[in-house]
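Got your viewer open? Let's take a walk through this one together, stop by stop.

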Amino acid sequence: MEKGPYNTGGEIRGVVASPGIAIGRAHVLRKRDAVSTGILLKDESEVLRAIEKFELAVQASVEEVKSLKRQRGLSNEEVDILETHIEFLTDPQIKADVFREITKNKKNVIDSVIDVIHKTVDMFRNMDDDYLRTRAADIQDIGDRILKNLLHTGNNEQTFPPNTILLAEDISPSDAIAFDMSRIIGFATRVGGKTSHTAILAKSKNIPAVVGCGTALDIIETEDVVIVDGTTGIVIVNPDEIRLEEYKARKEACDAEHKFLSSLKDIPAITPDGVAITLLANIANADDMDDALTYRAAGAGLFRTELLFMNRTAFPTEDEQLEFYKKTALKAKGKPVTVRTIDIGGDKPLDYFTFPKEDNPFLGYRAIRISLDRQDIFITQLRAILRASVFGTLKIMFPMISSLQELRQAKEILERAKAQLSDEGIEFDKTIPVGMMIEVPSAAVMADLLAKEVDFFSIGTNDLCQYTLAVDRGNEKVKALYDPFNPAVLRLIGYVIEQAHKQKIGVSLCGELASDPQATLVLMGMGLREFSMSAASIPAIKNVIIHNAFSKATEICENVMAMDNSKTIIDYLQTQK
């Protein structure tokens, strides 16, 4: 391949979104943002016309998405994304916010939509939870679609030559579905994370992708030769012949490995010396459960419930929650689903709920602290989960428990919810397992006492690492200090697992560390038997399990726990593959 306009052989680092290696020609998508006009409405007749224009644009947008859904050959993931977009397009909160801008502030319809979408996108992008943060792409996508219909700018359909690598600020979910994917072999974007829809779609179609590359991606021009290395998170621009040949060989090996991992789908996760490991999926709705079962997950180790509470005008009713949990329980087909009670606050604000102004909301009024304070909200959710428990195998899990008193209070409220349902003659699973997240250092240190009070632990390594090391992983200045292989973090994890075993309760791990093949043997050696992760990560973790004896994992763990820094640990683990 000849080099394009940019010929320095530059290397750009981003975030691994979908594994694999792609070598092709770049096509750069330049997005044109709608610009606010600043024009105010003069009278009531203009206000009414603005409202009518908005409703027509939303109706046209819904019809477009429905038309996309009617396409043949869409994957379950793509259908789920489009259904989510229809929900967002018809969301009463967005409609109410736009109407308020039009009627109260007298903004024209274009400016109203731009302002509301910008505010909503910012709200999601500032969340700490990866899954919820990347839903910002959905909001931006439906906002762009509404604006396009307001401005009558057309569909902007694009065709690409074969072996195209698509580069963009971000690739909207509906655009990715509309593209001819047979011609696209890789993605690279300025923004996005591991759970963005670009990543989800790329994984579902086995397309290598690197996201979160930042402004460095701007050096690439259409027709440049580009390598997208989805195994290491690197984008290489106009490589020399030596590097190009090197990557062609690596691509062949990577393709062979992917084919091999796909072949493991129906093989049990059992070590060569006979130790069975349970691989579960992290989910946020019933559609995610479908994806989990596709990868042969043994159930859901973490069912985040926050999405049901987001982007609406009021808390969901008990019946609305019941349907949400029931649908997931039925889709699980008898497999266990661990439902985490609402974890709002901090990075997850709600428009209809007043949070106090806090200097550090991540250490403030959030998660179980809100549930214990607003017991009306908590009991409503607990009642709904209990009612849904007759439709499947559900477990209840409390987030961000930091003391024995909090746990006991949460359990007492659960008992009140059970008593209410019993008095009303409503059926529920009276033996439903109850557990808690270990994500606060105080809970990890008190694991010996807490283990006597619950049926299971789930270790949330993302927050446990953040709180243990006093590192805000979203802060660019210090995020490099966020290190789950830090000996302090590993010691806490090991201690929690040990105490769970002593009290003969279940213990799983549901943070990002669960999906890191480099950590699998260390965690197994600590005694961990349940891992919960993104569904797409299951094959790679299973591969580690079925090719390594448990005795080897024990030896590796002993060696790692004797080391005093993460660099030594990581260097050692890289030699054990």
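This tour visits some salt bridges, an annotated stretch, a cavity and two unusual backbone angles.

**Before you click**

Keep in mind that you are looking at a predicted model.

**Stop 1: two partners for one glutamate**

Select R408 and E453 and show their side chains. They meet in a salt bridge, with 3.0 Å from N to O. Now follow the backbone away from each partner: R408 lies in helix 15 (residues 404–423), while E453 lies in the loop between helix 17 (447–450) and strand 14 (456–459), so the pair ties together parts that are 45 residues apart in sequence. Switch on a surface and look at R408 again: this residue is partly exposed, with a relative accessible area of 46%.

Keep E453 selected and add K411. The side chains of K411 and E453 also form a salt bridge, at 3.2 Å from N to O. K411 lies in helix 15 and E453 in the loop between helix 17 and strand 14, so this pair ties together parts that are 42 residues apart in sequence. As for the surface, K411 is partly exposed, with 24% relative accessible area.

Why can such pairs form at all? Side chains of opposite charge can pair when their charged atoms come close.

**Stop 2: a bridge within one helix**

Next, pick K502 and E498. Their side chains meet in a salt bridge too, 3.4 Å from N to O. How many residues apart are K502 and E498 in helix 19? They are four residues apart, about one turn of the helix, and both lie in helix 19 (residues 487–502). K502 is exposed at 52% relative accessible area, whereas E498, at 37%, counts as partly exposed.

**Stop 3: a network**

Select E318, D319, R383, R387 and E424 as a group. Salt bridges that share partners join these residues into one network. If you feel like hunting for others, the count for the structure comes to 30 salt bridges.

**Stop 4: an annotated stretch**

Colour residues 400–427. An unreviewed UniProt entry annotates this span as "coiled-coil region". In the model, the span is 71% helix and 0% strand, and its end C-alpha atoms lie 29 Å apart.

**Stop 5: the cavity**

Time to look inside. The structure holds one cavity of 30 Å³ or more, and about 30 Å³ of space lies in the largest cavity. To see what surrounds the largest cavity, select F485, L490, L513, A519, V522, L523, V560, I569 and L573, which line it. Helix 20 (517–526) and helix 23 (566–574) are the elements that give two or more residues to this lining. The largest share, three residues, comes from helix 20. Which classes of residue make up the lining of the largest cavity? Nine are nonpolar, with no polar and no charged residues.

**Stop 6: two unusual phi angles**

Most residues other than glycine have a negative phi. Go to R296 for an exception: its phi is positive, about 65°, although it is not a glycine. You'll find R296 in the loop between helix 10 (286–294) and strand 10 (300–303), and at 41% relative accessibility it counts as partly exposed.

Finish at K504, another residue other than glycine with a positive phi, near 60°. K504 sits in the loop between helix 19 and strand 15 (506–509). Is K504 buried or exposed? K504 is exposed, with a relative accessible area of 74%.

Terms used: Residues numbered from 1 in each chain as written. Predicted model: local features only at pLDDT ≥ 70, side-chain atom pairs only at ≥ 80, totals over all residues. Heavy atoms only, no water. Salt bridge = Lys/Arg side-chain N within 4 Å of Asp/Glu carboxyl O. Buried < 20%, exposed > 50% of the residue type's maximum accessible area, 1.4 Å probe, protein only. UniProt positions renumbered as here; feature names shortened; annotations may be inferred. 1 Å grid on protein atoms, 1.4 Å probe; cavity = no way out; pocket = protein on both sides within 12 Å on 5 of 7 lines; lining within 4 Å. Points joined across faces, edges and corners; volume = space filled by probe spheres on them. Nonpolar A, V, L, I, M, F, W, Y, C, P; charged D, E, K, R; others polar.
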